[in-house]
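The following exercises ask the reader to examine a protein model step by step. Please look over the sequence and the structure before reading on.

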Amino acid sequence: MSLSLRSFAFAAVALPLALTAVPSFSQASEKGNPEASRIVAIGGTVTEVLYALGAGDRVIARDSTSSYPVEVLAKPDVGYMRALSSEGILSQKPDLILSEDGAGPADVIGIFKASEVPMVIIDTPPQADAISRKIEDIGAAVGLSEKAKALADDVEAGLAALKSDVAAVGTKKRVLFVLSTAGGRIMAAGKDTEAGAIIELAGGVNAAADVAGYKPLSDEAVISAAPDVVLTMQRGDHAATADEIFALPAFQSTPAAASRALISMDGLYLIGFGPRTPAAGRELASQLYPEVVKP
């Protein structure tokens, strides 16, 4: 996973801004443990895929970014995926640790890698065309390759249908994803982010594509970005109302403020890049272009 919003959005109400990259140990080619019955799932999309494959009953604990489906919230929480404790996870006596890349800290990941517990780390690039591989890697790690292939095919079909519908869009809208407005400081999503990718998937133009990653924007940069629509998450510390967004000086002269165009969606759903991504992309597209793309 790139340094991405995924880690921020999935924690729902506790979303620390961990903006330092964590080394990625890509191990998706390892065998994992096909017979695993005590899986610790780290990363909201990993957990969501496990449940979609019918392996939810094999998940014994999850990290705080794992908020979907709702029944996973009853499982023990081993902490935020970038601030894991080896003791907390190993005390669960797992027979497989399955994690998105970007988990950490690095020394804790090193402990897991050196332990006798199998660990598989799944590559999670912020790209729609990488979802199928992600699903199939997770399926292979838990012995559910056939189910994973079927799920991946369904996702591919959904993405293809969305792409076809979005192709009918004429003038594309400029969309600015706002992560936070704490203290009046606007943190936005640039290129190489899940937020930027979902905007493009939905037929929009990322208004902050001139920057990379999640970066603070000056008022001048926001004005220059000229967003037609502001996109935010709808829960946790990063939620914001139209009144709050468009009261900020940076937004008051933008096209978005003129029409009070604000879209808010659940973070994991919006930028998880998992099984629900075709539906999330379609929902966003239908709000951007209601006359062209139907829910």
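Four exercises with worked solutions follow.

The model is a predicted one, in which local features need pLDDT of at least 70 and side-chain atom pairs count only at pLDDT 80 or more, while totals for chains, interfaces and linings use all residues. Residues are numbered from 1 along each chain as its sequence is written, and side-chain values use heavy atoms, with hydrogens and water left out.

**Exercise 1. The chain as a whole**

Task: State the secondary structure of the protein chain and the share of its residues that are buried.

Solution. Begin with the secondary structure: the protein chain has 12 helices and 10 strands (DSSP runs numbered from the N terminus, helices being H or I with at least four residues and strands E with at least two). Next, consider burial: of the 295 residues, 55% are buried (buried is under 20% relative accessible area, exposed over 50% and partly exposed in between, with a 1.4 Å probe and protein chains only). Finally, turn to contacts (heavy atoms within 4.5 Å): among those with a separation of 6 or more, 62% join residues 24 or more positions apart.

**Exercise 2. The length and sides of helix 6**

Task: Compare the expected span of helix 6 with the distance between its end C-alpha atoms, then identify its buried and exposed residues.

Solution. Helix 6 comprises residues 145-166, which is 22 residues. The expected span is 1.5 Å times one less than the number of residues, and for helix 6 this gives 32 Å. The end C-alpha atoms are 31 Å apart, which agrees.

The buried residues of helix 6 are Ala148, Leu151, Ala152, Val155, Leu159, Leu162 and Val166. They cover an arc of only 100° around the axis, and therefore lie on the same side of helix 6 (the arc is that of the directions from the helix axis to the C-beta atoms). The face turned away from this buried side carries the exposed residues Glu146, Asp154 and Ser164. The cover over the buried residues includes helix 2 (44-52), helix 5 (131-141), helix 7 (194-201) and helix 12 (277-288).

**Exercise 3. Salt bridges**

Task: For the pairs Arg276 and Glu48, Asp153 and Lys149, and Arg282 and Asp165, explain what each salt bridge joins.

Solution. The whole structure holds 6 salt bridges (a side-chain nitrogen of Lys or Arg within 4 Å of a carboxyl oxygen of Asp or Glu).

1. Arg276 and Glu48 form a salt bridge at 2.8 Å, N to O. Arg276 is in the loop between helix 11 (267-271) and helix 12, and Glu48 is in helix 2, so the pair ties together parts 228 residues apart in sequence. Arg276 is buried at 18% relative accessible area, and Glu48 is buried at 5%.
2. Asp153 and Lys149 form a salt bridge at 3.0 Å, N to O. Being 4 residues apart in helix 6, they are separated by about one helical turn. Asp153 is partly exposed at 38%, as is Lys149 at 40%.
3. Arg282 and Asp165 form a salt bridge at 2.8 Å, N to O. Arg282 lies in helix 12 and Asp165 in helix 6, so this pair ties together parts 117 residues apart in sequence. Arg282 is buried at 18%, whereas Asp165 is partly exposed at 29%.

**Exercise 4. The largest pocket**

Task: Determine which residues line the largest pocket and which element gives the largest share of the lining.

Solution. The lining consists of Ala128, Asp129, Glu156, Leu159, Ala160, Lys163, Val166, Glu200 and Leu201. Helix 6 and helix 7 are the elements that each give two or more residues to the lining. The largest share, 5 residues, comes from helix 6.

How values were computed
1 Å grid on protein atoms, 1.4 Å probe; cavity = no way out; pocket = protein on both sides within 12 Å on 5 of 7 lines; lining within 4 Å.
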